[in-house]
Amino acid sequence: MRIYIEKDYDAMSRRAATVIAGEILHNPACVLGLATGSTPEGAYKYLVDWHKQGLLSFKDVLSVNLDEYVGLAPSHDQSYRYFMQSNLFDHVDIVPENTRVPDGLTKAPAAFCADYDAYIRSLGYVDMQLLGIGRNGHIGFNEPGDCFVKETHVVDLAESTIDANARFFASRDDVPKQAISMGMGAIMGAKKILLAASGEEKADAILGAVTGTISPRCPGSILQLHPNVVVIVDEAAGSKLRAAGVSVCG
Ligand code: F6R
C-alpha cells in the first residue's frame with residue numbers, strides 16, 4: 001500500500017482527483033469503479049473543474065458504482081444514482097449508457113446482482129476502484145460479518161451505518177435498511193484501488209484497513225491482500241497511522 005496523509009479534506013480530495021484523472025489520461029477508455037458519500041464529493045468537484053477547463057474528457061470512460069439503497073428510485077435525492085448525476089455525470093461528457101449504478105428498485109435482486117457481476121467481468125473488471133470506508137470498516141456496503149462475500153448482493157445495513165447516514169435524511173427512520181453492494185470479488189478484482197477517508201471518526205477504520213488483522217470483522221482489511229492500493233487520507237483520518245508509526249509516502 002502507498003499511503004498519503006494530506007493536511008485536510010481539500011488536499012485529500014485534490015490528490016484523489018489527480019490519481020483518477022491520471023488513470024483517465026493514461027487510459028481514456030478506462031473502467032472506473034465509483035463511490036458516493038461525503039468522501040468523494042470534493043474529488044468529483046476537482047474532476048468536474050478540470051473537465052470544464054478542457055483538461056479531462058470522460059467520453060470513452062465506463063463507470064460502475066459500488067452500491068445503491070434498496071427501495072430508492074433514481075429520482076430520489078438520496079439515491080446514489082441521483083448523487084452520481086448531480087456530483088459528476090451531469091457535469092462531464094460521460095455517455096449516460098456507460099454509467100452503471102445498481103438498481104435499487106429491482107424486483108429480481110438475485111438476477112440483478114448476478115448480471116451486475118457478469119457485466120463487471122465482461123469489462124475485464126475495473127481499472128481503478130475508488131473506495132470510501134465506513135466507521136465500522138465497511139467498503140462498498142460490505143458490512144462487518146463472519147465472512148467476506150464475493151458476489152454483488154443485497155445487504156442489511158449495520159445500525160452504525162444507518163446512524164452515520166441519517167445525516168442525509170429527514171429522520172433516521174427514513175434511511176433505507178438495505179442496499180445492493182458490489183462484493184469483494186469485484187472490488188478485489190480491480191487493477192488499482194484508491195481508498196480515501198477524512199475525519200477523526202475514520203481513524204480506527206483506516207488503521208484497521210491498513211494494519212489490522214485481515215478479517216471480515218473489518219471488511220477494509222482485505223485490501224492488505226491487494227497488490228496495488230493507494231490510501232489517501234487527511235491528517236485526522238491518518239492520525240492513528242502516524243501514532244502507530246506506519247510509513248507514509250507523503
Ligand atoms: C458509498 C460507499 C460507502 C461509503 C462509506 C463512507 O458508495 O460505498 O462505503 O464510502 O460509507 O461514507 P462517507 O464518505 O459519506 O463517510
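Okay, let's start with one glycine: G33 counts as buried, because its relative accessibility is 0%, and anything under 20% gets that label. Before I go on, please keep in mind that this is a predicted model.

So where does G33 sit? You'll find G33 in strand β2, which covers residues 31–34. Setting aside its neighbours within four places in sequence, G33 is in contact with V64, V126, M128, Q129 and L130. There's also L66: G33 and L66 are 33 residues apart in sequence, but their C-alpha atoms are 6.8 Å apart in space.

Let's zoom out to the sheet around that strand. β2 belongs to an open sheet of 7 strands, and if you read across it the order is β1-β10-β9-β6-β2-β3-β5, with parallel pairing. At the edges are β1 (2–6) and β5 (99–100), and each of those pairs on one side only. As background, strands of a sheet pair through backbone hydrogen bonds, either parallel or antiparallel.

Look at β10 next. How many of the residues of β10 are buried? The count is 6 of 6, so to speak: the strand is mostly covered. Its side chains split into two sets: V229, V231 and V233 point one way, V230, I232 and D234 point the other way, and all are buried.

Who are the partners of β10? On one side, β1 is joined to β10 (residues 229–234) by 5 bridges, and the two run parallel. Within that pairing, Y4 stands opposite I232, and I3 has V231 as its bridge partner. β9 is also joined to β10 by 5 bridges, again running parallel. Here A196 stands opposite I232. I232 is a handy residue to click on, then, with Y4 opposite it in β1 and A196 opposite it in β9.

Now add a helix. Helix α7 (residues 203–211) lies across β1, β9 (192–197) and β10, and it runs at about 155° to β9.

There's a second sheet too. This one is open, has 3 strands in the order β4-β8-β7, and its pairing is antiparallel. Its edge strands are β4 (67–69) and β7 (153–156), each pairing on one side only. On average, neighbouring strands here are turned by 30° against each other, direction ignored. Between β7 and β8 (residues 178–181) there are 4 bridges in the antiparallel sense, and V154 stands opposite I180 in β8.

On to the nonpolar core. In general, nonpolar side chains tend to be buried together in soluble globular proteins. In this model the largest nonpolar core has 80 residues, and the ones touching the most other members are L32, L47, F58 and L88. Take F58 as a case: leaving out residues up to four places away in sequence, F58 touches I24, L32, L47, H51, L88, V92, D93 and I94.

Let's talk rings. A pair of aromatic rings is described by the distance of the centres and the angle of the planes. The count here comes to 7 aromatic pairs. One of them is Y46 with W50: the centres are 5.6 Å apart and the planes are at 45°, so we call the pair tilted. Y46 and W50 are 4 residues apart in helix α2 (residues 38–52), which means about one helical turn separates them. Both of these residues are buried.

Another pair is Y80 with F141. Their centres are 6.1 Å apart and their planes are at 25°, so this pair is stacked. This one links distant parts of the chain: Y80 is in helix α3 (residues 80–87), F141 is in the loop between β6 and β7, and they are 61 residues apart. Both Y80 and F141 are buried. Ring pairs also link Y69, Y80, F141 and F169 into a cluster.

F141 leads us to T161, in helix α5 (residues 159–165). Is T161 buried or exposed? T161 counts as buried, because its relative accessibility is 2%. Apart from residues up to four places away in sequence, T161 touches N136, H138, F141 and E143. With E143 there's a polar contact as well, side chain to side chain, at 2.7 Å.

Last stop: Y125. This residue has a positive phi of about 70°, although it is not a glycine. Where is Y125? Y125 is in the loop between α4 (109–122) and β6 (128–131). Its relative accessible area is 29%, so Y125 is partly exposed.

That's my tour, thanks for listening!

How values were computed: Residues numbered from 1 in each chain as written. Heavy atoms only, no water. Core = buried A, V, L, I, M, F, W, Y, C linked by side-chain atoms within 4.5 Å. Buried < 20%, exposed > 50% of the residue type's maximum accessible area, 1.4 Å probe, protein only. Contact = heavy atoms within 4.5 Å. Pairing = 2+ DSSP bridges. Axes fitted to C-alpha atoms, helices over the stretch in contact; angles between N-to-C directions. Polar contact = N/O pair within 3.5 Å; in protein donor to acceptor, adjacent residues only side chain to side chain. Phe/Tyr/Trp six-rings, centres within 6.5 Å; stacked < 30°, edge-to-face > 60°.
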